[in-house]
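Biologist: I would be grateful for a formal account of one part of this protein. Please explain each term as it arises.

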Amino acid sequence: MITLLHLSDIHMGSGFAHGHLNPETGLNTRLEDFIAALTRCIDRALAESVDLVLFGGDAFPDATPPPLVQQALASQFCRLSAAGIPTVLLVGNHDQHAQGMGGASLSIYRTLGVPGVVVGDRLESHRLDTANGPVQIVTLPWLTKSTLLTRPETEGLSMAQVNELLLDRLRVALEGEIRRLDPKIPAILLAHAMVDTATYGAERFLSAGRGFTVPMAMLARPCFDYVALGHVHRHQVLCEQPLMIYPGSIERVDFSEESEEKGYLLVQVSKDNAQAEFCPLPVRPFKTIQADLTQAENPQACLENAIAKAEITDAVVRCLYTLRADQVDQIDQSALETALAAAHSYTLQPELKAQTSRSRLPELGTDSALDPLAALGAYLANRNDLEDIAEGMVAAAAALMADETDVELPLDETDLALDDLDSLALEETAQQLRLL
Ligand SMILES: [Mn+2]
């Protein structure tokens, strides 16, 4: 029987925004959290003297991590190498270069010839000799269209047709590996994939068009004694026969993982049998505080009360609150900061409630035909909040109507607004990419 430790989705180096600089070490505290989680995994592997460690992919947030982050990961995996424990490092979507250059961030281990370390950056079978006998590992890294198909093959095909074609290719390639397996030796499939029966977080929507979903039945083959998965951050058992499990990520990558337990798996595998134990890791708590202040008499007290009720000590906290425009002045930012001081880090995210259900002005009804300036006048007469600029707006509108070209637009503000939009869009894109 072989004992192995299966972990996945380390994402070392992500979520720095949720941490701060530790003045004693010079490191971001979230990097320290991720290092601590990985250290616990490796400590356990050494304490249990496991025969093998399987990593399911996504070592870093991208294929080009900074040296400091690379080193943090390498120094942990090197402990396994030094102890003579064989390790398979699978390549996930985050580890790949966008332009199909292979698993750059992990290939360095093969290049350096780190003893006992196998890099799984292609569909391939590996036979490893462990302290408790030989084991076969089939590595299935994250596959993209370009790995399996050429451009002319996909031309003119719909997304669904391309997916079908991809799955056909994968089926054939996997079959080839399966036929090469020695039926007398335990066999494990190590795959970084979106399996169709999994419960996803943001991964499902955000991966559209980038990778493809693999049917569970294609991987749950009886020739495998254990199917070790990576990619989905939420721990889950997908199949009992053969046992097929996502261990999930080892630390919370973002707020979508707020309520998920994090950990790794200790698995015992023999021919035709596997038993797994999920081992939770004591990771950094994330806490969302939500408050609707729009009906509150005293919005500040209401918000402080919501904060006081939440368990925020040492947690990464986000405080989402909704308020009316006229309540903004009643919020005391520094008092909120004091209330949140026990948190590891926090963000305050106010949202202004839009004026709801404005009734249609009778003056602007469909049966009256007002000229645009009169309509503007009627509109402004009903908007007390625009009183200060009403006169200017009417003058500007009149100038526009008269087709004067020298109407002065507040250009600074226009530019600012456009910049804001751009940075918002960029941030959103960056967040999507990070979640993939
Ligand atoms: Mn992934």
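Biologist: Which helix joins E16 and E17 in a β-α-β unit, and what is the handedness of that unit?

Modeller: This is a predicted model, in which local features need pLDDT of at least 70, side-chain atom pairs count only at pLDDT 80 or more, and totals for chains, interfaces and linings use all residues. Residues are numbered from 1 along each chain as its sequence is written. Helices (H or I, at least four residues) and strands (E, at least two) are DSSP runs numbered from the N terminus. A crossover is right-handed if, with the strands pointing away from the viewer, the path from the first strand over the helix to the second runs clockwise; the unit of E16, E17 and helix H10 (residues 333-339) is right-handed.

Biologist: How many bridges join E16 to E17?

Modeller: Two strands pair if DSSP finds at least two bridges between them. Strand E16 covers residues 316-323 and strand E17 residues 345-352, and they run parallel. Val317 stands opposite Tyr346 in E17. The number of bridges joining E16 to E17 is 8.

Biologist: Which strands stand at the edges of the sheet, and why is one side of each left without a neighbour?

Modeller: The open sheet has 3 strands in the order E15-E16-E17, with parallel pairing. Each edge strand has a single partner strand, so one side lacks a neighbour in the sheet; these strands are E15 (286-292) and E17.

Biologist: Which residue of E16 is the bridge partner of Lys287?

Modeller: E15 and E16 run parallel and are joined by 7 bridges. In E16, the partner of Lys287 is Val317.
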